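Have you got the viewer open and ready to turn? Let's take a stroll through this protein together, from the whole fold down to a few single residues.

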Amino acid sequence: MFKPNVTVACVIECQGEYLLVQETIKDNQVLNQPAGHLEENESIIEAIEREVLEETGLALTPDAWLGCQLYYPEEKNIAFFRVVFCKSF
């Protein structure tokens, strides 16, 4: 049965610069938007607010929805449905 994992992300811009978080993926340091998985009994907006707070310390509500993606990593037998928001300061 097809059940994609739901993730959220936020593109955060301030005066022409973008906030990124550094993560370790497969022993490599990478830069990414603040992002994470939707948790049980949580709205999409609550999820992005929580993830941004956890990863950056910023308490914010996104300004707008930016888009959605369906992603199938080749090395995994799963799918991710990613909802992306944006915030400008």
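Here is a short tour, starting with the overall layout.

## The big picture

First things first: what you see is a predicted model. The protein is built from one helix and seven strands. Trace the chain from the N terminus and the order reads β-β-β-β-β-α-β-β. With 89 residues, the globule rule gives a radius of gyration of 12 Å, and the protein comes out close to that at 13 Å, so it is as compact as a globular protein of that length. Its C-alpha atoms fill a box of roughly 40 × 30 × 20 Å along the principal axes.

How do distant parts of the chain meet? Take the contacts with a separation of 6 or more: 53% of them join residues 24 or more positions apart.

## Inside and outside

Now for the surface. Of the 89 residues, 30% count as buried. The accessible surface adds up to about 6200 Å², and carbon and sulfur atoms own 52% of that.

Charges are worth a look too. The protein carries 6 positive and 15 negative ones, and the mean positions of the two sets sit 6 Å apart.

## The helix

Helix 1 covers residues 44–56. Does its length add up? At 1.5 Å a residue, 13 residues should span 18 Å, and the end C-alpha atoms are indeed 18 Å apart, so the two figures agree.

Which residues of helix 1 are buried? They are A47, I48, R50, E51 and V52. Here's a handy bit of background: an α-helix has 3.6 residues a turn, so residues three or four places apart point the same way. Keep that in mind as you look down the helix. Among the elements covering its buried residues are strand 1 (5–14), strand 5 (35–37) and strand 7 (80–88). Just after helix 1 comes G57, with a positive phi near 85°.

## Two valines from opposite ends of the chain

Next, find V6 in strand 1 and V83 in strand 7. They are 77 residues apart along the chain, yet their C-alpha atoms are separated by 7.6 Å.

Is each one buried or exposed? V6 has 24% relative accessibility, so V6 counts as partly exposed. V83, on the other hand, is buried because its relative accessible area is 7%, and the cut-off for buried is under 20%.

What do they touch? Setting aside residues up to four places away in sequence, V6 meets G36, H37, L38, I44 and F81. With its neighbours within four places left out, V83 is in contact with T7, V8, A9, I44, W65, G67 and C68. I44 appears in both lists. As for V83 and L38, their C-alpha atoms are 9.9 Å apart, with their positions 45 residues apart in sequence.

## Two loop residues with positive phi

Last stop: the loops. Q15 sits in the loop between strand 1 and strand 2 (17–19). Its phi is positive, about 50°, although Q15 is not a glycine. Q15 is also exposed, with a relative accessible area of 74%.

K26 is found in the loop between strand 3 (21–25) and strand 4 (28–32). K26 isn't a glycine either, and its phi is positive at about 55°. At 58% relative accessibility, K26 counts as exposed.

Definitions and conventions:
Residues numbered from 1 in each chain as written. Predicted model: local features only at pLDDT ≥ 70, side-chain atom pairs only at ≥ 80, totals over all residues. Heavy atoms only, no water. Helix = DSSP H or I, 4+ residues; strand = E, 2+ residues; numbered from the N terminus. Expected span 1.5 Å × (residues − 1). Buried < 20%, exposed > 50% of the residue type's maximum accessible area, 1.4 Å probe, protein only. Contact = heavy atoms within 4.5 Å. Rg over C-alpha atoms; globule rule 2.2 N^0.38 Å. Areas by Shrake-Rupley, 256 points an atom, 1.4 Å probe, with all protein chains shown as cover. Lys, Arg positive; Asp, Glu negative; His and termini not counted. Charge placed at Lys NZ, Arg CZ, Asp CG, Glu CD.
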